[in-house]
Structures are given as structure tokens and as C-alpha cells.
Amino acid sequence: MKKLLFGIFISIILYSCGSNDKGELKGVEGKKWYPQKPYGMVLVPGGSFIMGKSDDDVADVRDAPTKTVTVRAFYMDETEITNSEYREFVNWVRDSVTRTNLAILADEVGKKPDDGGIGEFAFKDADTSDLSAYDKYMLNNYDDGSYDKRKLNWKVKLIWDTSKYPDEYYSEVMDTMYLKPEETYNGQRTIDVSKLKFKYSWMDIQAAAKSKTNEKRSNFIHTEELNIYPDTTVWIKDFSYSYNEPMHNDYFWHQAYSDYPVVGVNWEQAKAFCAWRTKKKNDYQKSKGDQFVNQFRLPTEAEWEYAARGGIEGGTYPWGGPYIMNDRGCFMANFKPLRGDYAADQALYTVEAKSYDPNDFGLYNMAGNVSEWTNSSYDPGAYDYTSTMNPNIIDTKNRRKVIRGGSWKDTKYFLEVSTRDYEYQDSARSYIGFRTVQDFMGTDITQRSNKGIPRP
């Protein structure tokens, strides 16, 4: 009897030590979370603003009547995505494709890590002794015979020096990554960029939410696979009877243009970049055991205009306006002034991403330099029916996507923060780039309408 009472007493002590909620509902405890500003981004506080043409619609397009809308807080790249940043994406895809091809051939010829040579690049599950119980379970139950779900070995460095290729199998794979000898000249054999394809999946939440039947979640998940190398020929195709070969040859890959905005990227490629950037960050978060971040994406049209205004109500340009020159007689953006005198603003084509003064949110080149893709589909009557809370139109059947900000080849009308323009989503241009945004987690970062003053 004494032993029984002692056991009950110990159980009560253990229970009280393991829980201090006294039977009250306190919610599930988790790690303390603090907002962290992504590198190279600025926080745009949420708020309300008057969206649309505050001045006369000179072009008489009539697609931007004024309306008051509210947007939530978000982070935004302080500059357009640069050649250097997009090259990181291209290089990752190049390495991923190369490693996948090496792993597939290693699997086909039965080479494993201990065999050396191409075996070092075999899939991680080639050596099952190093797999966790979970990975073994997934391999045994979800291996459909394809290579999509098998993990690559990223710890072994790729070998690009032909004199150091480890074996003939490695040489065979690497040979397929380059253009054929008859397609090269001047002794320079380059990577076949048509091989650089990126695959990612996304869920059509809009369609899923509006579905009236209990359809499977998988019905709304779409997989995209596309070539992600910029179309450098846009420098030739966009301008007939014009000598732009140096930009075609050097603009994307040469170090001299690393800090210039990437161009020749269509809307679909910009979306793929966002998916990769999200993956890159969350792979790091996973390695540290930290919580995943929400996705990087293209801004909505409303977010873009709100950010471009920089808190200035009724301004014509990001700096207010209505002038396009400062008090020293210098142009305040890179565009096409004075009836085609491209050099008047000290730039023939694009300029470095951190050029001219930023607006009051700390964003550079929200007018001029390159036009920027948004996530919104273009409809000339959109302002008449979209919501006043985070307005946006996502229409997968509408291939016209809104671009904003004007570019180095545009007149000042297109630099106005309220001017709407569009391009087809599969089109790449020498004057269109993009920047990304990420939602701010929470709702307490807002500013007072019309004053740009942080809420107390």
C-alpha cells in the first residue's frame, strides 16, 4: 500500500513538472519568431494610397482611374535583379543539370561512391548505409523509377578542367553539356544553354479556393519546366537597322555589367527565379533547423505602384514631380529625353542598378532604366472591379502581364508611377527586367494615409 501511494505521489510530481498550464488553454508553444529583413531588400510599410492617374492622361488610354486602395506590408528588392544575381541562378541550374546527368550515368553503369570517378557523383541513395530510416522508407515506397525524387550529392565539387576529368564516363557527360565542336568558333566551346532547364511546382490557390467540388489537392498543383537562360538576342531583335552587337555579346556574362539589371528575361523566367530564390533560402533554413520563410514572388501591380510612390500622395514620379530634372539641371532617371538624345541623361542603354537617388522607401530606379514585370494580368478595366484591399488580377488565360516604370528607351510618360503598360508573358525584351517581393509576416507595420508616418 505504501509503494502504491508513493507511485501516485511521484506521478503527480512528474505531471506538475511537465506542464504548468494548470489545465488552462494556452496554445501550442513554439520557437520565438522575429522578423528578419531579407538581404538586399527594404521594408515597405503597409497602408492606403490613391492609385491611378493623378495628372492628365496624356495618352488618353483611360485604363487607370483613381481609386483608394490598401496594401499590406512587404519587403521589396531595393534594386532590379542584376546580371550577377541572375547569373547565380543560371549557374545553380547548370550545376544541378550537370550533377543530375552524372548521377544518372553513374546509376546506369553501376558506379557507386567507393568506386571513384563518376561514382563520386552518384545519387545519395546509391549508398544505402548512409541513409536515414525516413530516406530508406521514401526510397522503398515512393520510387517510381524516375530520377526526380532522388537526391544529388552536392558535397563533391564539379570538375570543369578537361585535363582533370576522372574517367571516360565523366568526360561523356560533360561533353553533352557543351555545344558541338562544329557550332563553336574562335576556339571557344561554350555551355549549351538550351540544356539549362529549371523545374518547379506551384499550387493554383485561387482555383482551389473557388472549386465547388472536393477535388484532389493534386489537381491544382502545376509543374513547370523551362529554359532559364536570358535571351541575349533581344539586343538585336528589338531594334532593326541598329548596331547593338556589343550588348548582345557581353551584357549578360561579362563582369563589367554585373551590377546592371538583367534583361531578356520573360515573365515565366522571372517567376522561376522567384521559386528558385525561395528554395535557396529554405534549403539553408532547413540545414539550420529553422522555420521556413514565405515565398519570394513578383509584386502585384498595386504593390508596385504603392512602393514606387514612396509615400508621396499624388506624385507624378517616384521623387514627386512634376519635373524630371533636379535643381542642378540633371535628369533624375534613365530614359529617352529630348526627342531621342539618349546620352542626355548620361546613359545610352541601362545604368547600374544603384544609380540616381532612391525614393523615400529606399528603392532605386522605380522610374526608368528597365521596365519591371509584375504578377498581375493586364485588363484595361481592372480598376473598376478589383478589390480595394490588396487588389490584383491573376488570370492564367490572360497572357498579357503588367509591366511598370518605363525604361531607358521610353519617353517620360512611361516613367510616371501611374502609367500602365503590358507585355506578353513569353516575350523577352532588352528593356524589361524585374525585382522581387516577400510578404511581411504580421500586420503591425503600417503607415498613416497621406502622411507616410509610421503608426504608433
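The exercises below go through a predicted model, each with a worked solution. Local features need pLDDT of at least 70, side-chain atom pairs count only at pLDDT 80 or more, and totals for chains, interfaces and linings use all residues. Residues are numbered from 1 along each chain as its sequence is written, and side-chain values use heavy atoms, with hydrogens and water left out.

**Exercise 1. Overall description**

Task: State how many helices and strands the protein has, and what share of its residues is buried.

Solution. Step 1: Helices (H or I, at least four residues) and strands (E, at least two) are DSSP runs, numbered from the N terminus. The protein has 9 helices and 12 strands.
Step 2: Buried means under 20% relative accessible area, exposed means over 50%, and partly exposed lies in between (1.4 Å probe, protein chains only). Of the 456 residues, 41% count as buried.
Step 3: Contact means heavy atoms within 4.5 Å. Among contacts with a separation of 6 or more, 70% join residues 24 or more positions apart.
Step 4: Along the principal axes, the C-alpha atoms fill a box of roughly 95 × 70 × 45 Å.

**Exercise 2. Helix α2 against α4**

Task: Describe how α2 and α4 pack, and say which residues meet.

Solution. Step 1: Two packed helices are described by the angle between their axes and the distance between the axes. Axes are lines fitted to C-alpha atoms, for helices over the stretch in contact, and angles run from 0 to 180 degrees between N-to-C directions.
Step 2: Helix α2 (residues 83-108) and helix α4 (residues 168-176) pack at about 140°, and their axes are 10 Å apart.
Step 3: Angles under 35 degrees count as roughly parallel, over 145 as roughly antiparallel, 65 to 115 as roughly perpendicular and the rest as oblique. The pair α2 and α4 is therefore oblique.
Step 4: A crossing is left-handed if the near helix is turned anticlockwise from the far one by less than a right angle, and right-handed if clockwise. For α2 and α4 the crossing is right-handed.
Step 5: From α2, Thr-98, Asn-101, Leu-102 and Leu-105 meet Tyr-169, Tyr-170, Glu-172, Val-173 and Met-174 of α4. Sorted by class, this contact of α2 with α4 has 6 nonpolar, 2 polar and 1 charged residues. Here Ala, Val, Leu, Ile, Met, Phe, Trp, Tyr, Cys and Pro count as nonpolar, Asp, Glu, Lys and Arg as charged, and the others, Gly among them, as polar.

**Exercise 3. Helix α2 against α8**

Task: Classify the packing of α2 and α8 by angle.

Solution. Step 1: The angle between α2 and α8 is about 75°, with axes 11 Å apart.
Step 2: Helices α2 and α8 are therefore roughly perpendicular to each other.
Step 3: On the α2 side, Glu-85, Tyr-86, Glu-88, Phe-89 and Trp-92 meet Gln-269, Ala-272, Phe-273, Trp-276, Lys-279 and Lys-280 in α8. By class, the contact of α2 with α8 has 6 nonpolar, 1 polar and 4 charged residues.

**Exercise 4. Ser-258**

Task: Place Ser-258 and list its contacts beyond its neighbours within four places in sequence.

Solution. Step 1: Ser-258 sits in the loop between α7 (245-250) and α8 (267-288).
Step 2: Ser-258 counts as buried because its relative accessibility is 4%.
Step 3: With neighbours within four places in sequence left aside, Ser-258 is in contact with Thr-82, Asn-83, Ser-84 and Arg-87.
Step 4: Ser-258 and Arg-87 are 171 residues apart in sequence, yet 8.8 Å apart in space, C-alpha to C-alpha.

**Exercise 5. Helix α9 and the loop after it**

Task: Say how many residues of α9 are buried, then follow the chain into the loop towards β8.

Solution. Step 1: In helix α9 (residues 301-309), 9 of its 9 residues are buried. Trp-304 and Tyr-306 are among them.
Step 2: Gly-310, just after α9, takes a positive phi of about 65°.
Step 3: Gly-311 is in the loop between α9 and β8, and is partly exposed at 26% relative accessible area.
Step 4: The peptide bond from Gly-321 to Pro-322 is cis, with omega near 10°. Pro-322 lies in the loop between α9 and β8 (371-377).
Step 5: Asn-369 is in the loop between α9 and β8. Asn-369 has a positive phi of about 70° although it is not a glycine, and at 0% relative accessibility Asn-369 is buried.
Step 6: Most residues other than glycine have a negative phi, and most peptide bonds are trans.
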